[in-house]
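Me: Pick one helix in this model and take me round it slowly. I'd like to know how it sits among its neighbours and what happens where it ends.

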Amino acid sequence: MKKDSKSASSENPRQREEAPDKMNPAKSALKLDEEQILKLIHDHEVHQVELEMQKQELLLANAQITAAAQKYAGLYDFAPTGYFTLAKNGEIVDLNLCGSQMLDRNREYLKSRMFVQYVNDDSKPIFSRFLDKVFSCKSKETCEVALQMDSNLPVYVNLSGAVTEDNEQCLLIAVDITGRKNAETILLEEKFQYHNLVNAGIALTWTACIDKLCNYFNDAWLKFTGRTLEQEMGNGWTEGVHPDDLERCLLIYTTAFDRRKPFEMEYRLRHVSGEYRWILDIGTPNYNNSGEFIGYIGNCFDITERRNSEKLLRKSEERYRSLMTNLSAGVIVHAPDTSIIMNNHRAAELLALNDDQMKGRLAVDPNWKFIDESGFPLSVDDYPVNRIIASKKPFSEVLIGVVQPENHNIVWLTVNGFPVFDSHGEIAEVLISFIDITERKLAEEAIIESEHKFREAVSNLDEGYYSVSPDGIINEHNKAFCRILGFDLTTDLQGVYMPDFWQNHDERTDYLDSISKYGAISNYQIKIKTQTGEKKTVLASAHMVKDKDRKPLRIEGVFLDISDRIRMEEALQRNAGRLQNLHKIDKAILSPVETPDAIIQKALQHIRSLLSSQHASIGIFDFENEALQLFAADIKDGSIEQTERYMIDKVYGDLEILQQNRMDVVEDISLKSSPPELLRILQSEGIMSCINLPLISGEKLIGAMNLGWKDSRAFTPEELEIASEVADEITIAIEQIRLRQEAKRYTEEIEKKVKERTSELLTANKELEAFSYSVSHDLRAPLMHINGYISLLSKHLKHIIPEKEKHYLEVIADSARQMGILIDDLLNFSRTGRQEMQLTELDMNVVLKDALQVIQHESVGRDISWIVESLPQVNGDYAMMRLVWLNLLSNAAKFFRANVISRIEVGVVDHLDEFVFFVRDNGVGFDMQYANKLFGVFERLHSSQEFEGTGIGLANVRRIIQRHGGRTWAEAEVDKGATFYFSIPKENQKKIKDKS
C-alpha cells in the first residue's frame, strides 16, 4: 500500500498540470513559472527512485523462484508416481516424466490430449464418475482404473485427485499398482514363458549359481555388451566393468551373496559401442519351491540418461506446494543428516504426528517404529532415508509397516525414495514418498487367499458350479455349468433365470423345500433341459447361504451330468437280456446236430423271445428246383406247415432286395397292394408288420429269415441291428454244418486215397529194395568179371601188347572202377532217403573232428590251412551228419587252385530259430548262375578230368539236411572260392522225429 501511495503522490503534480492544459489549450501554451518546473523535476526523480526499487524487488523474487524451481524439480519430474494436471473436460494440461511413461507417450505429445482415451473401456465409467466427483464435491477422491496402451497390456493405477483453488483444474496422482494386480498371474508363469519375458524385456537379466558364478544372461544383456553367452559365463562379465568400479562392485556382490541379502549397486559397464554406460544392478536371492537357496537373479537397467538428467533438471518448489498439500501420498524431504526439512500434512497423519513434531526429527529418533513385511523390526540401516544415504541409490515400491506411537496401530506403506545430488555429486536432499495401503493389503491378502482356493477348486471341477439367488437368478457359474446346459464355455449366464432349465417345475418346488428344511441337499436327481431342448438328468448337491440375520442370500451348489450313465444303465439292461437270448441261440447253434434243418429247428425256439415278436420263420432256398423249405415257430395249426416245401417266388415274391443283402422292412402289411403268399398268410394270422432278412454266405443267397409282429410299427435301429446279428449267426451256423458235411465227405475220400497210396508205396518200396539188391549183386558181378579179366590180360600180355592197346585196357579198367563207385554212391543216396534216423543230441565238434581226420588223411602232402570254430550241440543222426561233413570238407579240399595255399574255414552263425553251419574255401569256385544244379544227382560244374567225383555227394547232403528240417545253399565266385551252408533248426527232438 505504501508503494501505491507514493505512486499516487508522484502522479498528482502532472495530473494537476495537465488538467488545465487539456481544458484550455491556449493557456497550456503559456510558459510555466520556475517554481512549477522545479517541482516537476523533483517529482520525476522521486518516481525514478521508486521504479528502481520495484525493479530490484522483482529481480530478487525472480531469483528466489528460479532457485526454488531448480531445487524441487526432481520432486515433480522424477517422482515414482505419475503427476497430471487435468482441465474440467479431462484434457491433460501438464504431467511429469513418470506420467508420460505410464501412458507410453512423449510428454509434449500428451499435452492437450484427453486422459480418458488412455483408460481401458471397462474403466472409463469409473474414471468419468471420479472426475465429476472431484470437481463437484471439491474434495480429495481416489479410484483404481486400468490404462490401455498400444501393447494391449493394461496398466492398473490408483488415482488420487484434488481440485485447484480456482476450481478450474484437477491435480491428479497416478500410482502404478499393476504388480499387485497381476501378482497371482506372474507367480503361475511357466519357466519357458519367464525366459521369453526376460529376453523380450529391456532389463539386462542375469542369474548365478550357489558358487557365485553366473550361468545365464538374457538377450538384452548380450545385445548391450556385444559379447557371446560363453564369454560372459562364470566371471567373464567382469571384463566389461569399468576398472574403477570393479572392486566396489565385486565387494557388494560377494557380501550380499554370503548374507543371502538383496542388493543394489551402480557401476559402469562397457557398451557394444565401446562407451562405458551407467547401469543399476538389482540382485535378489533365488529360492526353489522347497525354500532352498539356489543362487541369485538380477536385473540391470541403463541409468546413464537418468544420471545425466538429474544434474540438469530442477523444478519450481512453489509451483508444486499445493500439489504436495493435496497429495494422498505422504512426502518427506530429509537433509543429509536424516533430519526432516519438509513434509506434507498427509505424511504427518500417516505417522500419527503433527507438523511441528515432524520438522527437524531425525531418522534415528527412538519414537520411530518400523517393521518389515514379515512383522519383524526394521533395522536402522534399512530405514528408507538411511538406505538411500548409504547406497546413494533410489528405490521404489518397498513395503514397510509403521507402528503409530500412541495407539500402536500398524499402518502399511509402499515407500519410494531417491537422493537429490548437488553440483559436487554429494547428496543434498533425500525425497521419500509413501502411500497408505493398510486396508488394501489386509483385504488383498484375504481376498487372494480365499479367491485362490475357491478359483482353483472351481476351475478344476468337472461338475457344474452355480450360485443363484433365492428367486432363481444366476449370480455365478463355471465353464462346466455352461457345457452341461448346452452353452459355449465362454458364455456369461449371469442374470439368467435358472428355473427355465427345469423339465418339471414341481421338482424345483421339492428341491427348494428340501434346501429350506435341511439347509443342504446331496445327490438330488434333477431332470433338466438344455438351451437346445436336449433333456438331461443331473445329480445336484447344494446348500443355502444366509446373512447374519439368517435370511437367505443365495444357493450354491454343483451338479453332475449323469444322463450318459442312466442311458448306459438302460442299455446294459437291454443288452443283458439281448445277450442272454443270443447265448441261448448260440447254444442251440453249437449243439451237436448233423443237419441245417436241426439247427433251424433249435434256433427258432429262442429268436421270437429275443425280439418280442409273435412270429419267426426261416426259409432255405433250393434255386435249382426253384423251391424252398420253410421252418416256422408259433404259428397256428394249418397256416404254414413246418418243413413243407414251397415255390420261392410265391412265398417271398421278388428276391431283388434280399439278393442285394438288404432287409425288406414292412411296417404295415395292409398297405401292400399285392403281398406275396408269406405276407398273406401272416396277415391272416393277425401279423401286421414284419422284417425279411437275407441269409447270405459269401455272395450267395441261401435263404431268408422272417420276423413278424401283430401291430403296425416303426422299427428302431437297435431292433434291426439285433435281427441282422441273428440272421448272420444263423447263416454262419448253416454254412458250418454244410462245411462239416463237406469236410466229412472229403475226409472219407482222403482216407480212401491214403490207403490206396500207402499200398502203392509199400509195393514201390519192395520194388526199390529188389532193384537195390539187383544193383548190389547183379550189376556188381559183371563189373567184377570185367575188372578180373582186364587184370589177367594186363598181367599175361604186358610184354606183348603194344602201348596203345595197353592204354585201351587201362581206360576200360578205369571206367569199370568208376562205374563201381557210381553204383556205391547211388546205393548210399537211396539208403539216406529210406534209412531210419537215430536222433540223439550231437556235439558237432566231435562229428566234425571225426570227418576231418578222414579228409586230412586223404589230403596228406597238400598244404592246407584249416580254421575251425567251436560248434554247438544239435539234435541229429550221427552217421548222417558225419556224411554231410565228409562231403562238404572233401569238396573244399578237392577243388583247389594250383600254386595257391588252400585255406578251409568251418564255422557257425547262431540265428534266432536255427544254427547255420558253413564250410568256406579259397578254391576254384563256380559261376552262381549254375548254383541251382549243385545239389542235384549227377550234376557237376567241373569235368571229371579236372576233378574226380560222381556228382552225388551234394545231393546226399541236401537229402540228409532236409530230413533234419534244415536248408542247404551255396555262394561262390569263379577263382575266388566257395561257401556251402546248411542249417539245423533249434526245435525239440520230438518235432524232428515227427518230420523225419
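Reply: Let's fix the exposure words before anything else: buried is under 20% relative accessible area, exposed is over 50%, and partly exposed is in between (1.4 Å probe, protein chains only). Keep in mind that this is a predicted model, where local features need pLDDT of at least 70, side-chain atom pairs count only at pLDDT 80 or more, and totals for chains, interfaces and linings use all residues. Residues are numbered from 1 along each chain as its sequence is written, and side-chain values use heavy atoms, with hydrogens and water left out.

A quick bit of setting, then. The chain runs to 996 residues, and 40% of them count as buried. There are 32 helices and 34 strands to choose from, each a DSSP run numbered from the N terminus (helices H or I, at least four residues; strands E, at least two). Take the contacts (heavy atoms within 4.5 Å) in the chain with a separation of 6 or more: 54% of them join residues 24 or more positions apart.

My pick is α7, which covers residues 124-137. With 14 residues at 1.5 Å a residue, α7 should span 20 Å, and that agrees with its end C-alpha atoms, which are 20 Å apart. (The expected span is 1.5 Å times one less than the number of residues.)

Now for the sides of the helix. Which residues of α7 are buried? They are F127, F130, L131, V134 and F135. Look down the axis of α7 and these buried residues fall within an arc of 120°, so they line one face of the helix; the arc is taken from the directions from the helix axis to the C-beta atoms. Swing round to the other side of α7 and you meet R129, D132 and S136, which are exposed. So α7 has a face lined by its buried residues, with F130 and V134 among them, while D132 is one of the exposed residues on the other side.

What do the buried residues of α7 pack against? Four strands take part: β1 (82-87), β3 (141-148), β4 (154-163) and β5 (169-176). Of these, β1 has lower residue numbers than the helix, at 82-87, against 124-137 for α7.

Next, the far end. Just after α7 comes K138, and its phi is positive, at about 55°. That's worth a pause, since most residues other than glycine have a negative phi. K138 is not a glycine, yet its phi is near 55°. Where does K138 lie? It is in the loop between α7 and β3, and β3 is one of the strands that the buried residues of α7 pack against. K138 itself is exposed, with a relative accessible area of 54%.

For a comparison elsewhere in the chain, try N523. This residue, too, is something other than glycine with a positive phi, near 55°. N523 is found in strand β19, whereas K138 lies in a loop. N523 is exposed, with a relative accessible area of 53%.
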